[in-house]
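Here is a short tutorial for reading a model one feature at a time. Keep the structure open while you follow the dialogue.

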Amino acid sequence: MAESLAEHERILQEIESTDTACVGPTLRSVYDDQPNAHQRFMEKLDACIRNHDREIEKMCNFHHQGFVDAITELLKVRADAGKLKVQVTDTNRRLQDAGKEVIAQTEEIIRCRIQQRNITTVVEKLQLCLPVLEMYSKLKEQMNVKRYYSALKTMEQLENTYLPRVSQYRFCQIMIENLPKLREEIKEISMSDLKDFLESIRKHSDKIGETAMKQAQQQKTFNTALQKQNNVNYGRNMYVINGRVPEPKYEITSKRTLEEEDEHEEEVLTAHDLVDFSPVYRCLHIYSVLGDGETFENYYRKQRRKQARLVLQPQSSMHETVEGYRRYFNQIVGFFVVEDHILHVTQGLVTRAYTDELWNMALSKIIAVLRTHSSYCTDPDLVLELKNLIVVFADTLQGYGFPVNRLFDLLFEIRDQYNETLLKKWAGLFRDIFEADNYSPIPVANEEEYKIVISKFPFQDPELDKQSFPKKLPMSQSVPQIYIQVKEFIYASLKFSESLHRSSTEIDDMLRKSTNLLLTRTLSSCLQNLIKKPHIGLTELVQIIINTTHLEQACKYLEDFITNVTNISQETVHTARLYGLSTFKDARHAAEGEIYTKLNQKIDEFIQLADYDWTMSEPAGRASGYLMDLINFLRSTFQVFTHLPGKVAQTACMSACQHLSTSLMQMLLDSELKQISMGAVQQFNLDVIQCELFASSEPVPGFHGDTLQLAFIDLRQLLDLFMVWDWSTYLADYGQPTSKYLRVNPSTALTLLEKVHRGMKETSKKNNIFAQFRKNDRDKQKLIETVVKQLRSLVNGMSQHT
């Protein structure tokens, strides 16, 4: 019960102290309690209400008298308050009337203060906006004067510094919207400038390359001059060219070169002097600032690759003149000089890897173009100028750091072609020399003429030196001319070998190889063709043999000449020697063979003039006229052979006699000749006797005994057999080594005997119609018939044995 009362007490305190809106849960707890709790709570509540009412009543009773006193005082004051209100109203009216002017002035002051505040605000805002406007005005001005890189920097300042301060203003939004457009405009303008720049350098590449190659050439000339000045022993070994000793000009040249270098030192131009590179710098900076540098780099490289392909495409007629090659090289050099300049003054636009790749591509194309066009060149002077251009071209680009070894390898290919063109040119020179030669010994009337000849050709003959003037040198005029031209060829070949960055030993080897080609192919071919020409007679052939002998002896001087012009010592030479010895030996052998052939042809021409009367009854008593003419020709011809080597003259003489003997034998055995009289045989015997007398007279010295007469031994034994009519001996001794008629073949004897037999029959018929009835003739006929049978048996036996 006590707990319930305490709980009701707590609930009442909570109701008194709690907001009426939240009393619901408290009241609900009264009903959730024990049964009859509601009744007890109501009783408790009533008791509490009664207590409060007693307290209120006590308080009202306590304050009632004071309330009555206050009401009484208030009623007293109301009259005074009415008076005071009237006074206040009057005072207020008078105050209002007096304050109207003050109010007007105050309002004016307020309005002025507001204006002042607005002005201050405007000034402050203008102070923020004016720098923006000034920067934008500056931007427009920079755009007008094409200072695009500065304009981009101004844009950055506007965007990052100025515009954020006044971003709330409308004009600022307009500016912000215009800035991207301005950037695009700058990009387009700068790209247009770049295109103009690319077009400009394409047009100026020729001039840039020409200037760079000229400077490289001047530098090379200057360095060469200094090297020659420092090398006091250089050029001491000077050799005779066309009978003249060249003057050493290198000192004058070097001095003049140094003076020219000093004069032109202030005129040295670079790619930057010839082309304005500012567009490419500006465009690169603009694209870098815009964050689009990679796009610019790709575009620039793409366009330059296209230009490279255009530059590397040669004109179809480039090979016709050296100017075509020079323009081609100038454009390529100009292109890569520009790229090298861009490489060194910019960062990232052109890299070393890019230029190396571009150069390797260009180099392959250049080599292919030069290999093709140089193959069309037939003028050695043009090929030499091309080589000099390639050397300057290579040296120029090498100075800019580009590898050029493949160009020098190409020069070795062009060197072979240059040698081919030289060989063709010298083949024409050799032919002209041979055509102009009179093929007679060189006459010298005095010492001066003799010195002129030996200054051109290294000739030494102590026996000839002892003779008095006038005298004749054994070789003809073509020999010193050929020797001079061979030396000129060596000089021409040496010109190409210069500046190839090769050692003296390598140059010496190249000179020897090219000279060997000149001797073994060109000169040898010219000599072979000369020897085969129809108008070259025996005298000319003899002189050609003499000429080749002297040229062969001069080969050692040519070897010394090559060694000296290459400035290397004999001890260090390990190269092949000249093949001139074999060349001139082959030509001499060909000339000797041609002598034998022409000599036989001449003999055949005389033989064709023979006009024998094969039916003559008696010989003329003297040799035939054609044969005497032939022998006189052989005598005069063999006299010319005195200057030939002994074996050549002996071989020619033996060959002529053998051919003459064979031709005479064939004349007797000719199948168209059906009959021969004994008178004709006797006349033929007289001709053979003259041949034997010629052979025994030793027309060419050096034969031992009757060696030359043995050429006619077959004819002699055959004719003796018929002249003596010694058939019994022939038949009896046939086949024995000691036979008197060992060289007479049975078939040959049979053929001639049958012709003589028919001739005898024909003669007998003409002399006497009854000759067949003479006993001697009948006996001779029988003898001939018997011999014929025996000879036929011998011939048949030989054929069966064979």
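## Reading the model, from a buried serine outward

A: Start with Ser514, which at 2% relative accessibility counts as buried. One caution goes with every value here: the model is predicted.

Q: Where does Ser514 sit, and which residues does Ser514 touch beyond four places in sequence?

A: Locate the element, then list the neighbours. Ser514 belongs to helix H17, residues 504-532. Leaving out residues up to four places away in sequence, Ser514 touches Asn419, Phe489 and Ser493.

Q: Which side chain makes a polar contact with that of Ser514?

A: Look for paired polar atoms. The side chains of Ser514 and Ser493 are joined by a polar contact of 3.1 Å.

Q: Is Val383 buried or exposed?

A: Compare the relative accessible area with the cut-off. Buried means under 20%. Val383 has 2%, so Val383 is buried. Val383 lies in helix H12, residues 380-399.

Q: Which residues does Val383 touch, not counting those up to four places away in sequence?

A: Apply the sequence filter again. Val383 touches Cys377, Ile414, Tyr418, Thr421 and Phe496.

Q: How many residues lie between Val383 and Asn419 in sequence terms, and what is their C-alpha to C-alpha spacing?

A: Set the two separations side by side. Val383 and Asn419 are 36 residues apart in sequence, and 9.6 Å apart in space, C-alpha to C-alpha. Asn419 appeared above too, as one of the residues touched by Ser514.

Q: How do I read a helix pair such as H23 and H24?

A: Take the angle, the axis distance and the handedness in turn. H23 spans residues 678-696 and H24 spans residues 713-724. They pack at an angle of about 145°, with axes 10 Å apart. Their crossing is left-handed.

Q: Which residues of H23 and H24 meet?

A: Read the two sides separately. H23 supplies Met678, Val681, Gln682, Phe684, Asn685, Val688, Ile689 and Glu692. H24 supplies Leu715, Arg716, Leu719, Phe722 and Met723. By class, this contact has 9 nonpolar, 2 polar and 2 charged residues.

Q: What should I check in the backbone?

A: Check phi and omega. Most residues other than glycine have a negative phi, and most peptide bonds are trans. Exceptions deserve a look.

Q: What is phi at Glu698, and where is Glu698 placed?

A: Glu698 has a positive phi near 55° and is not a glycine. Glu698 is in the loop between H23 and H24. At 41% relative accessibility, Glu698 counts as partly exposed.

Q: What is phi at Tyr439, and is Tyr439 buried or exposed?

A: Tyr439 has a positive phi of about 55°, although not a glycine. Tyr439 is buried, with a relative accessible area of 8%. Find Tyr439 in the loop between helix H13 (405-436) and strand E1 (442-444).

Q: Which kind of peptide bond joins Phe469 and Pro470?

A: Read omega. The bond between Phe469 and Pro470 is cis, with omega about -5°. Pro470 is placed in the loop between helix H15 (462-466) and strand E2 (471-473).

Q: How do I place these details in the whole protein?

A: Finish with the totals. The protein has 27 helices and 2 strands. Of its 802 residues, 39% are buried. Among contacts with a separation of 6 or more, 80% are between residues 24 or more positions apart. The protein exposes about 45,600 Å², and carbon and sulfur atoms supply 52% of that area.

Terms used
Residues are numbered from 1 along each chain as its sequence is written. This is a predicted model: local features need pLDDT of at least 70, side-chain atom pairs count only at pLDDT 80 or more; totals for chains, interfaces and linings use all residues. Side-chain values use heavy atoms; hydrogens and water are left out. Buried means under 20% relative accessible area, exposed over 50%, partly exposed in between (1.4 Å probe, protein chains only). Contact means heavy atoms within 4.5 Å. Accessible areas come from the Shrake-Rupley method with a 1.4 Å probe; for residues, only the protein chains shown count as cover. Axes are lines fitted to C-alpha atoms, for helices over the stretch in contact, and angles run from 0 to 180 degrees between N-to-C directions. A crossing is left-handed if the near helix is turned anticlockwise from the far one by less than a right angle, and right-handed if clockwise. Ala, Val, Leu, Ile, Met, Phe, Trp, Tyr, Cys and Pro count as nonpolar, Asp, Glu, Lys and Arg as charged, and the others, Gly among them, as polar. A polar contact is a pair of N or O atoms within 3.5 Å; within protein, one must be able to donate a hydrogen and the other to accept it, and residues adjacent in sequence count only if both atoms are side-chain atoms.
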